[in-house]
Amino acid sequence: MDKRYWTQSMTRKNQTVISEFVLLGLPIDPDQRDLFYALFLAMYVTTVLGNLIIIILIRLDSHLHTPMYLFLSNLSFSDICFSSVTIPKLLQTMQGQVSSIPYAGCLTQMYFFLFFADLESFLLVAMAYDRYVAICFPLHYTSLMSPKLCLSLVVLSWVLTMFHAMLHTLLMARLWFCADNKVPHFFCDMSALLKLACSDTRVNELVIFIMGGLILVIPFLLIIMSYARIVSSILKVPSARGIHKAFSTCGSHLSVVSLFYGTVIGLYLCPSTNSSTIKETVMAMMYTVVTPMLNPFIYSLRNRDMKGALGRVLFKKKITLPV
């Protein structure tokens, strides 16, 4: 036992201590880099402004002080932070500036990336449950979706995601890395870092698989079940209006849910040896850049309540201006 411990200690001493990682970014042709830089910058600005408008409208308009929009405001805040964890560094790298990131900064980026990704997952479940109660039990909606329950769901989402992200970060911190510090990704992705580790990563991969089932698969199934019950409930009343209401309620939400969960599950629950670098990068780009940008349009800007709130806020500002 002592000899084994001595051997591991000597092996670690002979390894190069990694103080920073180098993010290789996206596999883009240098001639097209400026075009993609402008594209990603526009998408990031759209994400921030779109979600910020949603938060402000929900804050200012009392008609939107409901459980659904409480979850939505948290989702918008999560989307802003989720994109801000990775995109600014990507834009900096694409400009030919410093592409390196300190070891501690890399783990910090990974922590907040996992935190806000998990938070979005839990908030999507809460929003699906809210719609399920609103459509299937409209007469009991106020009692079932009480302010205390809604606040508890939000707080629980934040707490669970904090511990889950911390678990993976601590497990990553225990690993040793060899001289190769080049990360073939545009951010400190967990699977990409595991491929650079010299030490045994079986515990990390096992935890990823188990916790992935709890944090991703189970919420995804709960969302599918909620919306299946919504469709089933509305289809019991054979009316064109009811069918239209079901698909208008479920269609957009399920499209984003499929985009978000499909890429995340495919990326983190598949064996790392079977995933190509380009595939991982493209899938990560879908849920880190595209999904947060689409959420304001799908959840709110096409929503009649949000349009009404925007009109009321703008009209109020107009009539209160001094003559």
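Along β1, which side chains point to one face and are buried, and which point to the other and are not? In this predicted model, Phe21 and Leu23 are the buried ones, sharing one face of β1. Glu20 and Val22 point to the other face and are not buried. In a regular strand, side chains alternate between the two faces of the sheet.

## The sheet around β1

Let's start with the sheet that holds this strand. Three strands make up an open sheet in the order β2-β1-β3, and their pairing is mixed. The edges belong to β2 (100–102) and β3, each of which has a single partner strand, so one side of each has no neighbour in the sheet. Strands of a sheet pair through backbone hydrogen bonds, either parallel or antiparallel.

Both kinds of pairing turn up here. β1 (residues 20–23) and β2 are antiparallel and are joined over three bridges. One residue to look for is Phe21, whose bridge partner in β2 is Ile101. Helix α4 packs on the sheet and touches β1 and β2, with its direction at about 90 degrees to that of β2. On the β3 side, β1 and β3 run parallel and are joined by two bridges. There, Leu23 has Val183 in β3 as its bridge partner.

## Helix α4

The helix that packs on the sheet deserves a look of its own. α4 has 34 residues, and the distance from its first C-alpha to its last is 50 Å, close to the 50 Å expected at 1.5 Å a residue. Of those 34 residues, 26 are buried, so α4 is largely enclosed by the rest of the structure.

## The disulfide

How many disulfides does a search of the whole structure find? The search gives one. Its members are Cys106 and Cys188, with sulfur atoms 2.0 Å apart. The angle about the S-S bond is -125 degrees, and the link of Cys106 and Cys188 is left-handed. Cys106 sits in helix α4 (residues 103–136), while Cys188 is in the loop between β3 (182–183) and α7 (190–196), so this pair ties together parts that are 82 residues apart in sequence. A disulfide is a covalent bond between the sulfur atoms of two cysteines.

If you are thinking about access to these residues, here are the values. Cys106 is buried at 0% relative accessibility, and Cys188 is buried too, with a relative accessible area of 1%. Two further cysteines are worth a glance: Cys150 is buried at 2%, and Cys136 has a relative accessible area of 18%, which counts as buried because the cut-off is under 20%.

## Asn295 and its polar contacts

Our last stop is Asn295, a residue of helix α10 (residues 277–301). Is Asn295 buried or exposed? Its relative accessible area is 2%, so Asn295 counts as buried.

The side chain of Asn295 has acidic company. One polar contact, of 2.8 Å, links the side chain of Asn295 to that of Asp79. Another, of 3.2 Å, links the side chain of Asn295 to that of Glu120.

Key:
Residues numbered from 1 in each chain as written. Predicted model: local features only at pLDDT ≥ 70, side-chain atom pairs only at ≥ 80, totals over all residues. Heavy atoms only, no water. Helix = DSSP H or I, 4+ residues; strand = E, 2+ residues; numbered from the N terminus. Buried < 20%, exposed > 50% of the residue type's maximum accessible area, 1.4 Å probe, protein only. Polar contact = N/O pair within 3.5 Å; in protein donor to acceptor, adjacent residues only side chain to side chain. Disulfide = S-S within 2.5 Å. Pairing = 2+ DSSP bridges. Contact = heavy atoms within 4.5 Å. Axes fitted to C-alpha atoms, helices over the stretch in contact; angles between N-to-C directions. Expected span 1.5 Å × (residues − 1).
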